[in-house]
Protein chains: 2
Amino acid sequence: MNPITVFIVDDHFMVIEGIQAMLQNENDLQVVGHASNAASCISFLKQQQPDVLLMDINLGTESGIELCKEVKTMYPQIMILALSTFNQFSFIDKMMENGASGYLLKNAERTEITEAIHHVLKGGTYLSREVTDTMKAVEEGKKDKPALTRREKEILELVADGLTNQEIADQLFIGVSTVDTHRKNLLAKFNVKNTASLIRMAAKLQMI
Amino acid sequence: MNPITVFIVDDHFMVIEGIQAMLQNENDLQVVGHASNAASCISFLKQQQPDVLLMDINLGTESGIELCKEVKTMYPQIMILALSTFNQFSFIDKMMENGASGYLLKNAERTEITEAIHHVLKGGTYLSREVTDTMKAVEEGKKDKPALTRREKEILELVADGLTNQEIADQLFIGVSTVDTHRKNLLAKFNVKNTASLIRMAAKLQMI
DNA sequence: CAAAATCTCCTGTTTTTAGGGGATTTTTTT
DNA sequence: AAAAAAATCCCCTAAAAACAGGAGATTTTG
């Protein structure tokens, strides 16, 4: 039986080396290459399509999140395992939305990596225990974060930038009264009574 | 001549593997062991003292920053090279304060690591280019943080809590006009024109 | 399709902030 | 002790935001 082919994308050279070293003795897995940026990854895939991509979500200045989407669009059969130091909901969420089949933290042991690879190849989803915990914790915490509409988010940003209602209205080509209404709704949703606490809350919840 | 002995402390197994792989062919360097937490590091050092310690600043729940301090207190002759994904001033600063001789990012290449090891062994300080840039940027940025008086900080807090001038005045047993004056000064010092951007700035600068 | 949500705008009133000054007392620093 | 900085207070005006309540138009969704 042919070994499973693995390609590594990570801007940390030592991580590439580390994964290679760890998978060296797995005879059903074969690392067929690696890249440290999006461009050389795409370029490799044009030549050859591995079964699994181990991908760091943070590629220096580039974003693995974008790369993930691109790769999945072009080669949907390639399974992507996200690899990251960051056990943060927003990252995990975005990666999974963009088509990743699993998310591992970089403290993963050899066995976890191989298990994950086999699991995602069977079509499964593999989230490490820590990652699962984070997802759960965030779901709990979501009660605090009011659900804002697109327009409300937009206006919150502009308010945070220090624009007055008039300026916001001009920028969005809507009436001042509309902006006023949205602000009222924002205050209500955040359950606060003025701009100061609104912005404070929004900042604390990392919404601005 | 005896090779330089190196010990690795990192909770990411794949990073340990990676460094080992990278240093394997350097015949004047020898990796004599590794640890994934503070306790086993200390325990190893009781048996044997390497020349250099490559140490991740983030050891899962533990802090490499503390470990650095301990090791340097017990074995000042051991040179410590901090290793981190985070190019953040606070971490860099604390590590150097705690006796580290250098700070590398995990995207370091083989040559950078070996150069750093040799350099710190000679008593030098080795900060990677990115790290140096960050340090400089922070020094620049410090000018942004306005120096507030005690009263101003107090009032900033209360404004952020959503109190009106009247409420603040009542709470601090001062007149409304005084609060007003302080707020005007706050706006001036932050160089903003309304409460929204004031709070946003203060939040960004972690002053509230 | 019908219901729900979102976005839009309106008329008012009241409260709060911002902007422009000026001035005295208290505290801190040199 | 003198100078500088901080804290206190006042005036006035204008602008902005908050509060109340209603309502039509457009999307989104079940």
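Colleague: What makes the approach of B:Arg183 to a phosphate oxygen of DNA strand C a polar contact?

Modeller: An N or O atom in the side chain of B:Arg183 is 3.4 Å from a phosphate oxygen of DNA strand C. A polar contact is a pair of N or O atoms within 3.5 Å (within protein, one must also be able to donate a hydrogen and the other to accept it, and residues adjacent in sequence count only if both atoms are side-chain atoms), so this pair qualifies. Two more pairs on that strand pass the test: a polar side-chain atom of A:Arg151 at 2.8 Å from a phosphate oxygen, and an N or O atom in the side chain of A:Ser177 at 3.2 Å from one.

Colleague: Which elements give two or more residues to the surface near DNA strand C?

Modeller: They are helix 7 (150-160) and helix 9 (176-190) of chain A, and helix 9 (176-190) of chain B. Helices here are DSSP runs of H or I with at least four residues, strands are E runs with at least two, and both are numbered from the N terminus. Helix 9 of chain A gives the largest share, four residues.

Before we go on, a word about the model. It is predicted, with pLDDT of at least 70 needed for local features and 80 or more for side-chain atom pairs, while totals for chains, interfaces and linings use all residues. Residues are numbered from 1 along each chain as written, chains are lettered from A and ligands numbered from 1 in written order, and side-chain values use heavy atoms, without hydrogens and water.

Colleague: How do you know which residues surround DNA strand C?

Modeller: A residue is near a strand if one of its heavy atoms lies within 4 Å of it. By that test 18 residues surround DNA strand C, A:Thr149 and B:Lys184 being among the closest. Of the strand's atoms that come within 4 Å of the protein, sugar and phosphate account for 70%.

Colleague: What classes do the residues of that surface near DNA strand C divide into?

Modeller: Three are nonpolar, ten polar and five charged. Nonpolar covers Ala, Val, Leu, Ile, Met, Phe, Trp, Tyr, Cys and Pro; Asp, Glu, Lys and Arg are charged; the others, including Gly, are polar.

Colleague: And what makes B:Gly175 a polar contact of DNA strand D?

Modeller: Here a backbone N or O atom of B:Gly175 lies 2.4 Å from a phosphate oxygen, so the pair meets the polar contact definition. The elements giving two or more residues to the surface near DNA strand D are helix 9 of chain A, plus helix 7 (150-160) and helix 9 of chain B. By class, that surface has one nonpolar, ten polar and six charged residues.

Colleague: Why do strand 1 and strand 3 of chain A count as a pair?

Modeller: Two strands pair if DSSP finds at least two bridges between them; strand 1 (residues 4-9) and strand 3 (residues 52-56) are joined by four, so they pair. They run parallel, and A:Val9 has A:Met55 as its bridge partner. Helix 1 (residues 13-23) of chain A packs on the sheet, in contact (heavy atoms within 4.5 Å) with strand 1, strand 2, strand 3 and strand 6 (79-84). Its direction makes about 170° with that of strand 2, on a scale from 0 to 180 degrees between N-to-C directions of lines fitted to C-alpha atoms, for helices over the stretch in contact.

Colleague: In what order do the six strands of chain A form their open sheet?

Modeller: The order is 2-1-3-6-7-8, with parallel pairing. Strand 2 (29-35) and strand 8 (126-127) are the edge strands, as each pairs on one side only.
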